[in-house]
Amino acid sequence: MSRVRAYYGNRPVEKTCRANEVCCRRPVRPQAPPQQQLGRCGVRNAAGITGRIKNPVYVDGDSEFGEYPWHVAILKKDPKESIYACGGTLIDAQHIISAAHCIKSQNGFDLRVRLGEWDVNHDVEFFPYIERDVVSVHIHPEYYAGTLDNDLAILKLDQPVDFTKNPHISPACLPDKYSDFTGARCWTTGWGKDAFGEHGKYQNILKEVDVPILSHHQCEAQLRNTRLGYSYKLNPGFVCAGGEEGKDACKGDGGGPLVCERNGVWNVVGVVSWGIGCGQVNVPGVYVKVSSYLPWIQQITQSYQ
């Protein structure tokens with residue numbers, strides 16, 4: 001193994017020491033994103049924050065620290081430890097969107113949101129995660145557990161996120177009402193299982209996977225070829241992505257984001273809702289179509305519009 005020294009940030013200037021002197025390098029301070037970007041929605045940090053954190057073993061699909069600054073973990077409070085409930089997406093300084101199916105049975109005061117997390121097993125991040133209590137939970141009034149129609153929830157944090165102190169945390173943008181991302185390749189993220197069933201393992205580092213967005217007709221046709229049957233009708237409040245082998249959201253990813261880029265801005269187009277297995281060819285994953293719920297989202301979060 002070659003001994004190559006790695007630096008994050010600007011390379012230190014080498015100085016020559018005189019006899020009987022010891023030269024010390026000035027520590028390299030983590031560089032936060034430019035001030036004008038802090039808290040701005042839709043900024044994906046593709047190279048991570050302050051540079052890359054190198055893991056002993058890189059695994060394909062690992063995201064960089066701070067690459068998806070809107071991805072949050074929703075936890076259920078427990079006397080001994082916090083229990084992971086589902087993923088979520090920060091959409092402004094004080095609100096999270098997630099899936100109703102993993103929030104519905106919880107009282108808001110039983111929940112806590114962890115923001116800025118990346119590696120759940122190690123504290124190697126340049127900036128620490130922060131946690132906020134949840135003061136209110138809004139489940140979509142037309143949510144139906146039988147079909148998971150309108151599978152959307154909004155959580156309000158007890159206090160806003162201070163983006164100047166937490167440069168690794170920022171919201172995703174909400175999409176335009178008329179935006180259509182059919183055919184685009186988008187990204188979904190989570191700490192969920194890497195395969196369906198008992199052989200799948202939950203992940204330590206936040207994972208990313210790119211998936212294509214399907215048209216409503218194409219998705220409905222593919223889902224009719226599953227156990228759902230030929231009479232299945234896909235609710236227009238859903239959007240589908242995937243249908244490629246081994247690339248999908250899976251168990252434990254529920255409530256997390258599906259984000260698409262347009263003109264350099266990342267929009268939360270979907271919320272992980274349900275699927276038939278995980279990562280099967282021609283069996284797409286199903287997400288809440290965020291653009292169909294903009295009036296309701298804006299009604300709940302109106303103080304931030």
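A residue counts as buried when its relative accessible area is under 20%. By that yardstick, strand β1 (residues 71-76) is mostly covered, with 5 of its 6 residues buried. Keep in mind that you're looking at a predicted model.

**How β1 is paired**

β1 has partners in both β2 and β4. The table sets out the two pairings.

| Pair | Direction | Bridges | One bridge pair |
|---|---|---|---|
| β1 and β2 | antiparallel | 6 bridges | Leu75 with Tyr84 |
| β1 and β4 (residues 111-115) | antiparallel | 5 bridges | Ala73 with Arg114 |

On the β2 side, the two strands make a hairpin, and 6 residues sit between them. If you're tracing side chains here, remember that in a regular strand they alternate between the two faces of the sheet.

**A glutamine tucked into a loop**

Move along from β2 (83-90) and, in the loop that leads to β3 (95-98), you'll find Gln94. Is Gln94 buried or exposed? Its relative accessible area is 10%, so Gln94 is buried, the cut-off being under 20%. As for what its side chain reaches, that's the backbone oxygen of Leu157, at 2.8 Å.

**The nonpolar cores**

The largest nonpolar core has 57 residues, and the members that touch the most others are Ile74, Val113, Leu115, Leu155, Leu234 and Trp274. This core takes at least three residues from each of two domains: domain 1 (71-171 + 296-301) and domain 2 (184-291). There's also a second, separate core, made up of 12 residues, with Cys186, Val239, Leu258 and Val269 among them.

Trp274 is worth clicking on. Which residues does Trp274 contact, once its neighbours within four places in sequence are left aside? Thr147, Leu148, Leu223, Leu228 and Tyr232 are on the list, along with Leu234, Phe238, Gly285 and Val286. Leu234 turns up again here, having already appeared beside Trp274 among the core members that touch the most others.

**How far to trust the model**

Across the protein chain, the mean pLDDT is 80, and 73% of the residues reach 70 or more. Among the chain's elements, mean pLDDT is lowest for β2, at 90, and highest for β3, at 97.

Two stretches call for more caution. Over residues 26-30, pLDDT stays under 50, and the model gives that stretch 7 contacts beyond four places in sequence. Residues 193-201 also stay under 50, with 16 such contacts in the model.

Key. Residues are numbered from 1 along each chain as its sequence is written. Side-chain values use heavy atoms; hydrogens and water are left out. Helices (H or I, at least four residues) and strands (E, at least two) are DSSP runs, numbered from the N terminus. Buried means under 20% relative accessible area, exposed over 50%, partly exposed in between (1.4 Å probe, protein chains only). A polar contact is a pair of N or O atoms within 3.5 Å; within protein, one must be able to donate a hydrogen and the other to accept it, and residues adjacent in sequence count only if both atoms are side-chain atoms. A nonpolar core is a set of buried Ala, Val, Leu, Ile, Met, Phe, Trp, Tyr and Cys residues joined through side-chain atoms within 4.5 Å. Domain bounds come from an automatic or database domain assignment. Contact means heavy atoms within 4.5 Å. pLDDT is the predictor's confidence in each residue, from 0 to 100. Two strands pair if DSSP finds at least two bridges between them.
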